[in-house]
Amino acid sequence: MEILLAKSAGFCFGVKRATNMAFDAAREHPKICSHGPIIHSPQMVEKLREQGVDVVSDIDEINDGAVIIRSHGISADELHRILAKDLNIIDATCPFVKKAQDIAGQLSRDGYAVVLAGEAEHPEVQGIISYAGNKDVFTVANLEEAEKLPYLKKIGIVAQTTQSYDNFARIVEACLSKCQELRVFNTICDATTVRQQEARSLAGQADLMLVIGGYNSANTSRLARICKKIQPVTYHIETAAEIRDEWFGQIDSVGITAGASTPQWIIDEVYERVAQVGK
Ligand code: F3S
């Protein structure tokens, strides 16, 4: 059985940076926590917990020691509440997420209604829109939602960093007919685009696709959806333990990819498990 492993599978720049910062900080600070999971990988969060990094969701419960701000950022209000406390702050927000936050804030200050192309419930999205304030801010997940926007004089668009380019382009086009003036900031991160392109290509070649990553990881779930459209035999798994021998009965080639928050050791374990089944 041929195994096609995506070159881009696994940690992106921002996640690598955040986890390295967390491990370094864990060595330095006897009392340390992260505000929410630092990345969307339950296995990596557990590894950090073993190094003393607790996950605390409620800022009211963080009163001393050090706090790590997760890679996909927090809201402006949460940041102010953390800054008001006497804490050592390790800001592991990915610089690309920070850029999207800054653009949303600037657009709002410049009088634009801010449209964020993304998933309303995702913490990164909630963080970005919070920097735009409360007035004329809209989160739209797709073309259908964009078409329901009211007519607005000036619209500025930013994207959740893990959006698919095609979805973003459709939303931008819909916004063209919703305003007199449109400013578009493509804040989709390259890491996402590269992973999605490679996933598409592998799904077109393989008889079965494995997409590895946290079930709570938006970019992994999106990779799985992209692959499933091309190769219906696609499984989204978190670890090698979920792999079943019976999946591989009539299979000649397996494609493997992983989300941007999937640790390398999990990818290696999946690869080895698939290689064993294919012997
Ligand atoms: Fe940052 Fe892009 Fe990763 S926004 S966290 S480098 S997917």
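Helices here are DSSP runs of H or I with at least four residues, strands are runs of E with at least two, and both are numbered from the N terminus. With that in hand, Q101 can be placed in helix α4, residues 95-109. Before we go on, please keep in mind that this is a predicted model, in which local features need pLDDT of at least 70, side-chain atom pairs count only at pLDDT 80 or more, and totals for chains, interfaces and linings use all residues. Residues are numbered from 1 along each chain as its sequence is written, and side-chain values use heavy atoms, with hydrogens and water left out.

Let us start with the chain as a whole. Its secondary structure comes to 10 helices and 12 strands. Along the principal axes, the C-alpha trace spans about 60 × 55 × 25 Å. The radius of gyration, taken over C-alpha atoms, can be compared with a globule rule of 2.2 Å times the number of residues to the power 0.38. For 279 residues a compact globule would have a value near 19 Å, and the chain, at 20 Å, agrees with this. To talk about the inside and the outside, we call a residue buried under 20% relative accessible area, exposed over 50%, and partly exposed in between, using a 1.4 Å probe and protein chains only. Buried residues make up 52% of the 279 residues.

Now to the ligand. A residue counts as near it if one of the residue's heavy atoms lies within 4 Å. The residues around the ligand are C12, G14, C94, F96, T161, C189 and T192. Sorting them needs one convention: Ala, Val, Leu, Ile, Met, Phe, Trp, Tyr, Cys and Pro count as nonpolar, Asp, Glu, Lys and Arg as charged, and the others, Gly among them, as polar. The shell then divides into 4 nonpolar, 3 polar and no charged residues. C189, one of the residues around the ligand, is buried because its relative accessible area is 13%.

What about the cysteines? A disulfide is a pair of cysteine sulfur atoms within 2.5 Å, and by this rule the count comes to 0. C179 shows the reasoning: its sulfur is 6.6 Å from the closest cysteine sulfur, in C175, so the two are too far apart for a bond. C179 also counts as buried, because its relative accessibility is 9%.

Back in helix α4, Q101 has a relative accessibility of 4% and so counts as buried. Its C-alpha lies 7.3 Å from that of I129, although the two are 28 residues apart in sequence. N219 offers another pairing across the sequence. This residue is in helix α9, residues 218-230, and is buried because its relative accessibility is 13%. The C-alpha atoms of N219 and G259 are separated by 5.9 Å, with their positions 40 residues apart along the chain.

The loops deserve a visit too. Q160 is in the loop between β8 (154-159) and α7 (165-176), and at 0% relative accessibility Q160 counts as buried. Its C-alpha is 17 Å from that of E173, which is 13 residues away along the chain. K85 belongs to the loop between α3 (76-83) and β5 (88-91). At 23% relative accessibility, K85 counts as partly exposed. K85 and I62 are 23 residues apart in sequence and 8.7 Å apart from C-alpha to C-alpha.

Finally, look at D136, in the loop between α5 (123-130) and β7 (137-140). D136 is not a glycine, yet it has a positive phi of about 50°. With a relative accessibility of 38%, D136 counts as partly exposed.
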